[in-house]
Every structure is written in C-alpha cells, then in structure tokens.
Amino acid sequence: MFYREAGEFKTSYVDDNQTFPIRFDRWRYYAVLAVAFLVVPFFINDYWANAVLLPFLIYSIAAIGLNILVGYCGQVSLGTGGFMAVGAYATYKLMTAFPEVNLFFHVLLAGGITAIVGVLFGLPSLRIKGFYLAVATLAAQFFLVWLFNRVPWFYNYSASGQINAPERTLFGHAISGPASEPWAVYLFCLVFTVGSAIIARNLTRGTQGRKWMAIRDMDIAAEIIGVNPLTSKLTAFAVSSFFVGIAGALFFAVYLGAVEVGEVYGINKSFLVLFMIIIGGLGSIFGSFAGAAFLVLLPVFLKNLLVGTLGWPTDLAAHLELMIVGLLIIVFLIAEPHGIAQLWRVTKEKLRLWPFPH
Amino acid sequence: MKTKTLITAAAAVMMAAAPAMADLFVPSLTYRSGPYAANGIPTADGYKDYFTLLNERDGGIGGVKVEFEECETGYNTEKGVECYEALKSKSPLAIHPWSTGITYQLIPKATADGIPVHSVGYGRTSAKNGEVFRWVFNYPANYWDGASVAISHILDQEGGDLSGKKVALVYHNSAFGKEPIRTLEELGKIHGYELSLLPVDHPGQEQKSQWLQIRRERPDYVIMWGWGVMNQVAIQEAVNIRFPMDHFIGIWWSGSENDVKPAGDGANGYKALTFNGLEKDYPIFDDIQKHVVDKGLAAGAGDQIGTVLYMRGLYSALMTAEAIKKAQEIHGTPDVTPAMVRDGYEALDITQETYAALGLPGFGPDIQGSCQNHGGQGLGAVSQWDAAAGQFKLITDYIQSNQDVIAPLIAADSEAFAAENNITPNCD
C-alpha cells in the first residue's frame, strides 16, 4: 500500500540507481539515521553504550569487512581475529608514539596498516581456493596472535603483555580511556560504522564490486571476460582488512580499553564474525548488521531476561543461552539458508503487494 | 573541563548517596560455565556462602543485610565489561573480578567510577601501590610475592645456593601468566639460577611440546603459573615424564584438588603456594553447616565446602566483610558507600585474633593496609599434596617475600602507569 514503486517517477540515472529506490525505504533509512545520530546520544547511558551499542556497531564494521571478502569476492577467511589484532596493535603503537595526533586518524591509519597486512596474507589466494585458502588464513590468525604475544615491542615492553588505551580526546571530549562519556564514544563509533557501510555499499555496486562478484561466481569465466584476478582478489583483501582493522582498533581503543591478544582476538573472534555474516546473509550490507545484531544483542537480551527478569541461577542461564542461540542459528539456517538478509528481501517483496497479493 | 569533572563528581556523589537506605550490595563476577568453570565454581561458592553465613548468623554486617548478586562472565572479558556496567548502577561496595584479564579491564573504569576493586592474589601486581591505584586492592599477596616465595622455598631446599641451577616457568600465555617473569628474572640475577620460559596457550590442553622440552633440558625445578584445565594437564604430563613432584611448584591458583586428582597417586608430593590455611576442621565449618547448608542456602550444588578454592573464595569474602566493618567503624554509619569502603580497605587490620574470632584460627597472614600499601605484607606459604589423605597440607610457615627486589619493581611499574594516565600519586 505505502511500500511500492508505483507512482514514483525516476527522471535521471542518478535517481534510478540510488540505494533505496522506494520512497518509503528511503525515508525509513533517513529516520534510522536521524534517531541514531540525534536521539540516541541524549538517552544513552554507560550500560547501553558499553554492553549493547558499542559491540553492535563495532562488530557490524568487522562483519561488513569480512562480508566484502567472503560474501562478495568468495574468498573464505578465518583470519578476522588476527586482522582485528593488527588494527588494535597498530592503534596502540600510533597512540603511544604520536599522542598529539587525533584518535580519528589513528584509527584510519590502523585500518590502512591492516589493509597492507591483509594483502600480504591474501597473496596465497591467487594460488589456492576454498578450504585451502581458509587454512592459509587460519595460519595468519595464529601467526599474528603469536607475533603480538611474542614480540615485546608491540606491547611497549609492559610486564603483563597487555595493551592499555591511554586517554585521547576529540573536540575536547575523551574518546578513549575511563573518563569518556557514553554519548561521545557512541557517536565516534557510529560515524565509523555509517561511513563503512556507505563506502562498502557503493564499492560493491560499482565496477569493483562487479569484478569481485564475477570472481566469486566463477573465476575462470571472470578472467576470460577481462577481470584481473590479481587486482580483484587483492583489492578485496585490502578493503576487507581495512574495515576489519578499523573494527579491531575501535574494539581496543574505544570499547575495551585494555586488551590481551590471545583472549580478545583469538580464533573464536574469527568464527564469531564469520557466523555473523553467514547468519546475516553473505553478500549483503544489511546482512552484516543483522548478523551482528543477532549474535551481540541476543545473548545480552537472553541474559537479562533469564537472570534479571526470571531470576534464574546465572550458570543455568549461561548454558541455556548457548543452547538457545545455537538452536536459533540452526532454525534460521534451515528456514532460510541465505540468512536474515534474504528474509528481509522476501518480506519486502511481499510488502510491495500487500494488502492485495493477487 | 574543570566544571565538567565537578559535575561528574557531583553526579557520582548523588548516585552513591541515593541508595543509602538499601542493603550492602556486594556483587560477584563468577564463572560457573566455560573452560575455567571447574575452578570458578568453588571460588564463587565460598564467596557467596560467607555472606550468606553473615546474613543468617549475624544479621548482616553491622546490622545491615548483605545483598548479593552474581553475574556470569565465563572468564570472558567482554562479558565481564557487560557485568560491570550492569552492576555499577547499583553502587557495589566492592567488586571481585575473579580474572586477571577482567581486572585489567576494570582498573581504569572502576577508578573513574569510584568503586573499589579487590583482586585477591591476582590482577595487576603494581596495584599494591595505593598512591597510584587509589581504588584497587590486591590483599593479601600478589604474583611477585608468589614468585619470590617459591624461590625462597627452593633456596631452603637447596641449602641456600642456587647458582648453576635451572628453573623452568610453565605459564599461561596471558597477562596472568606473564606477571612473574620479571621478578623471576631479577631474582635469577641475585641467586644465579638460569630461567627458561615455557608459555602454554589458552586453554592449555596441549602441552606435549613444553614437557618434552622439560624432559630434554632437565631443569632442577619447575614453577607453574596455570589456571583451569592447564593445571591438570601439566601435572599429568609431569607425572608422565616422571618429573620429581616435590620439585614442581605451582602458584596458589595451580593447587586445588581439581588439579591433582586426575593424575592419581602420581601427583603425590606436588607443591603449591597458598596464602590461606587449608585445614579441614576450622570452627567456622560448624556455623556454615548450621546456618547455610542445613537451611538449604548453600551456593551452587553445596559440594565444594572445604576445598582449596572454596576456602579462597571464603577468604576473599572475609577480607571484604572486614573492610566493610572497618568502614562502618570509621564513618560511624552502618550504611556505607563505596567510597567509605575504600577507606575501610585502606585501614584494613586483620590479625591472628581476628581470624580466631571469626572461627578461622591461623587461617591467614596478618594484613595491615594503608593508603600506600594496598597489597598487604606479601606473605605466602607452601602446601603439598598428600594423595593418600586427599588433601593439601601446609609444609612451611608463612614466608616473607623479598621486598628488596619487589618494591622497586612495583614502584617502577606503577609510576609508568601513572605517567601514561596522567595520575599524580597522592593520598587524599
């Protein structure tokens, strides 16, 4: 009824090619942005920022990054945790070496450094594919964690091997460190998340994205029609690692503040982000958000429901939480193997015809 | 900026003052699930049972009931942060993170929020310097004390001379496991032993290569900094290569029944440090039986009472309760705030009479806190596993750690932290 193309006349290519061609969709998108930027900062408290929204935003960036590599370019990677660690340690080294430079640029630079490391570990993808590539990136995961544990230069020779984010400000407001306000860190992460999503969306709609998808669908055919596999695969690794690096940097500097590489950026993190994009939907920016929301928000929600509202013992709730999340993953993947993004697409198709489907 | 800090401080005071009529809120970050649950359950049970006992027997502390809440972390830092944020709005009087990783996480946050963090024998060692770490406590002993006590015990065994001896450190490759390295290196310079480092990655189920190396290099002593399943595997591997168990010394977190029992009789003679007594006949057990177990209020399954880690949880609760008591005395009010409890912690004075009065005669070393000293006197003892009796038994008195070595290390590390975070060491 209200969600339809009919009555909307596009008179230019720009109009025709916009991300949200339906007016209702577009307004919904603006409304979400407006709420996120203009309403949430006024109501946010420490709990919502640190337990719910920051992890959601940061994991979304990581999921977008991995989705470019796995969902759009078809290169399976299990090295996400390791690449996030590169982002975190790069920020740490930059923060402590150049304290006068703005944290915003440190995070961007950390993304750039991660992109370079990602390209290096992406080189084998020119030779090996599928499961074999997954194993090669798994090696990256273990190597990087080992490296940051082993070489004291990376953690400035601290006794415990931990890295701690010192306080850094932006426009006079602390972004990292304990004195930071929840609204400030939230907005800082939100800017990165929205920026990443817009860049990723437009990259994947353009030439570069088409090249990646051609490689994903059939690399020999892509090569025959003139797609250069070397540049396509390596740009996918670079762009993907850039976003993952930013996510790792924010995860350390803004969200946790103190990080131990083996625990925070271990293999579990790689799997978590991979599950996010599988559940959310491979090859979809919305899917990255949906997957991150599913795996970050659901456990917190379940914990608050079972322990907070129902008053169950904490250990029982923790075990049940694992079982419920696991069960839901299975149900989702059986009901819709293409993830939450596909569910969303189907809903939109139905909504176009609603309320008169025949 | 100044006005902002003032406003924040005012808000913090208002928030702290608001629930004045409420109970004494003492939460606990536990891990009854996950890879470290076997160790997390007894500690959490002991901690909770002590407060239940105080509520049931004495009607709380100073006449005010203790309100208790657990939050499950699974030894995971992110969940620890979530728990902390959820709990802090209820103005907890003290937080026990029960994990070195989470402690590191909470030190800056709790300092900014004005909530005492008490890491009992774990966490950041240099937090002992109270002038820098105003809200963090690590009574009764820290990892560097532990390292020094272990070396002192080895010195005793070797007749005071370690030159040319080889000592291997098998450690959990994390902030927790890396803590003793610097101290052991410094002590090595003094006593002339050769230190080799063998890291074990989380969770520590695979240690074949480390123990193969030990078998090849034949160190005279092995010191272990392990937690969870890593302990069991290490002790089993040591038994497998027939390493003399009385030359194998674990930190206090590597010496519970869970760790030695899987290796059977082979583990007999294994040593572990401790900072509390491990007797099975303290009078307090009668009270726990009467007021907690018989009323069906025992924490968890109630099957952990008297185990090593249960006693450590009990000890942690005891120190917190004493700090709250002290705070009530100092400020003359039974409804204390987190800031008052910090004062109580700094004035902590636990003597042998205190232990005896609490039904735990000879349970631990004397503890005298101050603003400068947030970590106690640094005493530790050595216990040894008696497989036939199924019990760890103390084989030494409390040994004083080598403060000549540790104090400068603590000063250096805390000053580095202060410089990094723009803290002026102070006592007001």
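This passage describes helix α10 of chain A, the contact between chains A and B, and an annotated span of chain B in a predicted model. Residues are numbered from 1 along each chain as its sequence is written, and chains are lettered from A in the order in which they are written. In this predicted model, local features need pLDDT of at least 70, side-chain atom pairs count only at pLDDT 80 or more, and totals for chains, interfaces and linings use all residues.

Helix α10(A) covers residues 229-256; helices are DSSP runs (H or I, at least four residues) and strands are runs of E (at least two), numbered from the N terminus. At 1.5 Å times one less than the number of residues, its 28 residues should span 40 Å, which agrees with the 38 Å between its end C-alpha atoms. A kink of about 30° is centred on Leu250(A), the bend being the angle between axes fitted to the seven residues ending there and the seven starting there. Because 24 of its 28 residues are buried, α10(A) is largely enclosed by the rest of the structure; buried denotes 20 or more other C-beta atoms within 10 Å of a residue's own, with C-beta atoms placed from the backbone. Just after the helix, Gly257(A) has a positive phi of about 85°.

In the interface, 28 residues of chain A are in contact with 32 residues of chain B (C-beta atoms, placed from the backbone, within 7 Å). On the chain B side, α4(B) contributes the most, with seven residues.

For chain B, an unreviewed UniProt entry lists residues 26-352 as "domain: Leucine-binding protein"; such annotations may be inferred rather than shown by experiment. This span is 46% helix and 13% strand, and its end C-alpha atoms lie 25 Å apart.

Note on methods
A residue is buried if 20 or more other C-beta atoms lie within 10 Å of its own, exposed if 12 or fewer, and partly exposed in between; C-beta atoms are placed from the backbone. Two residues are in contact if their C-beta atoms, placed from the backbone, lie within 7 Å.
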